[in-house]
Amino acid sequence: MKVKYLSAILASSLLIFGCNSDNDDEVVTEPPVVVIPPVVVPPVVVVPPVVDGVSIDDASTVVVKLDTFDSITGALSFTVANSEGEALTNVANYDIVYFGFPDQASPSIKPKAWKRWHVTQNYQCDSTATDSCTGTLEATDTAGKYTFNVSDLDLQSKASANAEMVFKVAVQIKGALASNEIELIDPSN
């Protein structure tokens, strides 16, 4: 036989028998496809905050607790509740008085100097009368908590020069049925 035919027979036999890569005995199975259903998120419902508390006009008692008092600016923050501790809402009527007193630790050498030291500045609001409010009273996000601010507090100019002063404030909150007892309160700073 010729070498040419022999090489053709050899090449064709290799093609027929190959590298024994034809493996029909093994069945390849792929893992099952798992379909995950989409997650349905319920819509967000915004619920307005629950306002706890009692209207000031329905309260039979009023208790005021001063939280902060800045004697320089006159800024106040305070809590208004009834005697049961329930927050009072809708506060609008007030009398707030700032006082300047002589410092007991530094007495004056002038006997009548105390007359200039007892200075006051008054702010009030009667919601039944229009444009009769002085100062700014605002409710905070917490029921029963309020802030009070003034822009014209100036007790120092009414006192003697170079004298030491002690500041105090009195806050009276008025409701239709009751109001708190007035007491003088020292500043927090």
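Modeller: Two rings of Phe, Tyr or Trp (its six-membered ring) pair if their centres lie within 6.5 Å; planes under 30 degrees apart are stacked, over 60 edge-to-face, and the rest tilted. By this rule there are 5 aromatic pairs here.

Biologist: Why is the pair of F69 and Y98 called tilted?

Modeller: The ring centres are 6.0 Å apart and the planes stand at 50 degrees. That distance is within 6.5 Å, so the rings pair; the angle is neither under 30 nor over 60 degrees, so the pair is tilted.

Biologist: Before we go on, what kind of model is this, and how are its residues numbered?

Modeller: The model is predicted: local features need pLDDT of at least 70, side-chain atom pairs count only at pLDDT 80 or more, and totals for chains, interfaces and linings use all residues. Numbering starts from 1 along each chain as its sequence is written, and side-chain values use heavy atoms, with hydrogens and water left out.

Biologist: What makes F69 and Y98 a link between distant parts of the chain?

Modeller: F69 is in strand β2 (residues 63-69), and Y98 is in strand β5 (residues 93-102). They are 29 residues apart. Strands here are DSSP runs of E with at least two residues, helices are runs of H or I with at least four, and both are numbered from the N terminus.

Biologist: Why is the pair of Y98 and Y123 called edge-to-face?

Modeller: Their planes stand at 85 degrees, and their centres are 5.8 Å apart. The angle is over 60 degrees, so the name fits. Y123 lies in strand β6 (residues 119-125), so this pair ties β5 to a part 25 residues away in sequence. Y98 and Y123 are both buried, and F69 is buried too.

Biologist: Which residues do the ring pairs join into a cluster?

Modeller: F69, Y94, Y98, Y123 and F148.

Biologist: How do you know that C125 and C133 form a disulfide?

Modeller: Their sulfur atoms are 1.8 Å apart. A disulfide needs cysteine sulfur atoms within 2.5 Å, so the pair qualifies. The whole structure has 1 disulfide.

Biologist: Are C125 and C133 buried or exposed?

Modeller: Buried means under 20% relative accessible area, exposed means over 50%, and partly exposed lies in between (1.4 Å probe, protein chains only). C125 has 9%, so it is buried. C133 has 42%, so it is partly exposed.

Biologist: What makes N90 count as exposed?

Modeller: Its relative accessibility is 57%, which is over 50%, so the word applies. N90 is in the loop between β4 (88-89) and β5. Its phi is positive, about 65 degrees, although it is not a glycine. Most residues other than glycine have a negative phi.

Biologist: Why is S77 called buried?

Modeller: Its relative accessibility is 17%, which is under 20%, so it is buried. S77 sits in strand β3.

Biologist: What makes the approach of S77 to T68 a polar contact?

Modeller: The two side chains come to 2.5 Å. A polar contact is a pair of N or O atoms within 3.5 Å; within protein, one must be able to donate a hydrogen and the other to accept it, and residues adjacent in sequence count only if both atoms are side-chain atoms. The distance of 2.5 Å is within that limit.

Biologist: What makes β7 and β8 a strand pair?

Modeller: Strands pair if DSSP finds at least two bridges between them. Strand β7 (residues 136-139) and strand β8 (residues 145-149) share 4 bridges in the antiparallel sense, so they pair. L137 stands opposite F148 in β8. The two strands form a hairpin with 5 residues between them, and G144 in the turn has a positive phi of about 85 degrees.

Biologist: Why are β6 and β10 called edge strands?

Modeller: Each pairs on one side only. The open sheet has 4 strands in the order β6-β5-β9-β10, with antiparallel pairing. Inside that order, β5 and β9 pair over 10 bridges. F101 has V166 in β9 as its bridge partner.

Biologist: What makes up the largest nonpolar core?

Modeller: A nonpolar core joins buried Ala, Val, Leu, Ile, Met, Phe, Trp, Tyr and Cys residues through side-chain atoms within 4.5 Å. The largest one has 30 residues, and those with the most contacts inside it include Y98, F148 and I173. β9 gives the most, with 5 residues.
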